[in-house]
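Hi,

Here is the structure I promised to pass on to you. Have a look at it first, and then read on for my notes.

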Amino acid sequence: DWTSDVFIDISIEELKNKIGDDKVVMGLSGGVDSSVAATLIHRAIGDNLTCVFVDNGLLRKDEFQEVLDSYQHMGLNVIGVDAKQKFYDALAGLSDPEEKRKAIGRAFIEVFDDEAHKLEGVKWLGQGTIYPDVIESVSVNGPSATIKSHHNVGGLPDFMKLKVVEPLNTLFKDGVREVGRALEIPENIVGRHPFPGPGLAIRILGDITPEKVRTLQEVDHIFIQGLKDHGLYDQVWQAGAILLPISSVGVMGDERTYEKVVALRAVASVDGMTADWVHLPYEFLGKISNDIINKVKGVNRVVYDISSKPPATIEWE
Ligand code: XMP
């Protein structure tokens, strides 16, 4: 549409003037914001932009490969880094949410920095910061700024003296999506639900093991694919599953089972600052619950989170 086209033209012009012949490095998350920001910068300076996409082992099922393929189809100059083990090692034995976030943040910076050092003469760091991120990171009383250490903003190690370029820092999420569509970024990226940087690590309450990650990936996949198959995905701001650190008794045939409980969460929101739980149809929830219990080993109970934000948060950690 007209507004997006104007925004794109002006941004590309500004980026060209600002960056010139310099080189830019940028971390991609698979999310809308970093993907749209990278595409704009790529339009402006081409392959002087190098993107780094890290597999932290905490993404959704098959997400790393799917998103990497999309980036390559979009023509981005992208390096995929398998760092799963590094993140699992960094997380081993940690249960506290903030400790987990910090460990993940540190591991990411190390991996990203290693890649950046392999590139010659990089002067700029591209970032997918959007307007609400700017607001949240400056507001002293903002809940997320004080309660959680989000690592989307300012995740720059001191020793990397890069200048920051943030082409989306005046836009809200819906504006970012419009710009992304005008840039013809594939719908599987533009329409993607927000996903936290620490990924499934903050949806596995308690300590993280690769096995728990695999379990949650299967559960999450059944839920998210179900939302898509039933035309519900686009009506929801964000959805996901949470692996609870408790077991409950169930029955299978003549046997009693003692297995994990998962919670499903789907919320409606505009910017993530407030959110309402979504009234998903009972038939849908029933089918998804059956599928999860029948297909995912180690899970015998599914509950649906009917809390809104505030006072609950979207994530459980
Ligand atoms: P809460 O749980 O605070 O989440 O209601 C609001 C939005 O922020 C996302 N979120 C995070 N994103 N790093 C991120 O990049 C984090 O540590 C983090 N914690 C929450 C959450 O998924 C939701 O979209």
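**Two exposed loop residues**

Asp62 is exposed, as 10 other C-beta atoms lie within 10 Å of its own, and a residue counts as exposed at 12 or fewer. Please keep in mind that this is a predicted model. Asp62 sits in the loop between strand E2 (49-55) and helix H3 (63-73). Its backbone may catch your eye: phi of Asp62 is near 60°, a positive value in a residue other than glycine.

Glu184 also deserves a look, with a positive phi of about 60° although it is not a glycine. You will find Glu184 in the loop between H8 and H9, following H8. With 10 other C-beta atoms within 10 Å, Glu184 is exposed.

**The chain as a whole**

Stepping back, the chain has eleven helices and nine strands. For 317 residues, a compact globule would have a radius of gyration near 20 Å, and the chain agrees with this at 20 Å. The C-alpha trace spans about 70 × 45 × 40 Å along its principal axes. Of the 317 residues, 36% count as buried. If you are thinking about contact maps, here is a number for you: among contacts between residues at least 6 apart in sequence, 74% join residues at least 24 apart.

**Helix H8 and its buried side**

Which residues of helix H8 (residues 173-182) are buried? They are Val176, Arg177, Val179 and Gly180. These residues lie on the same side of H8, because they cover an arc of only 165° around the axis. As for their partners, the buried residues of H8 pack against helix H1 (2-19), helix H2 (32-45) and helix H9 (187-190).

**H4 against H5**

Helix H4 (residues 84-91) packs with helix H5 (residues 97-118) at an angle of about 145°, and their axes are 9 Å apart. The crossing of the two, H4 and H5, is right-handed. From H4, the residues that take part are Lys86, Phe87, Ala90 and Leu91. In H5 they meet Lys100, Ala103, Ile104, Arg106, Ala107 and Val111. Sorted by class, this contact of H4 with H5 has seven nonpolar and three charged residues, with no polar ones.

**Val219 in H10**

Is Val219 buried or exposed? Val219 is buried, since 29 other C-beta atoms lie within 10 Å and 20 or more are enough to count as buried. Val219 has its place in helix H10 (residues 210-229). Setting aside neighbours within four places in sequence, Val219 is in contact with Ala241, Val262, Ile292, Val296 and Val299. You could also look at Leu243, which is 24 residues from Val219 along the chain, with 8.9 Å between the C-alpha atoms of the two.

**Two cis peptide bonds**

One last stop, in case you plan to check omega angles. Lys309 and Pro310 are joined by a cis peptide bond, with omega about -10°. The bond from Pro310 to Pro311 is cis as well, and there omega is near 5°. Where does Pro310 lie? Pro310 is in the segment after strand E9 (299-304), and Pro311 also lies in the segment after E9.

Happy to talk any of this through whenever it suits you.

Best wishes

Definitions and conventions
Residues are numbered from 1 along each chain as its sequence is written. This is a predicted model: local features need pLDDT of at least 70, side-chain atom pairs count only at pLDDT 80 or more; totals for chains, interfaces and linings use all residues. Axes are lines fitted to C-alpha atoms, for helices over the stretch in contact, and angles run from 0 to 180 degrees between N-to-C directions. Helices (H or I, at least four residues) and strands (E, at least two) are DSSP runs, numbered from the N terminus. A crossing is left-handed if the near helix is turned anticlockwise from the far one by less than a right angle, and right-handed if clockwise. Two residues are in contact if their C-beta atoms, placed from the backbone, lie within 7 Å. Ala, Val, Leu, Ile, Met, Phe, Trp, Tyr, Cys and Pro count as nonpolar, Asp, Glu, Lys and Arg as charged, and the others, Gly among them, as polar. The radius of gyration is taken over C-alpha atoms; the globule rule is 2.2 Å times the number of residues to the power 0.38. The arc is that of the directions from the helix axis to the C-beta atoms.
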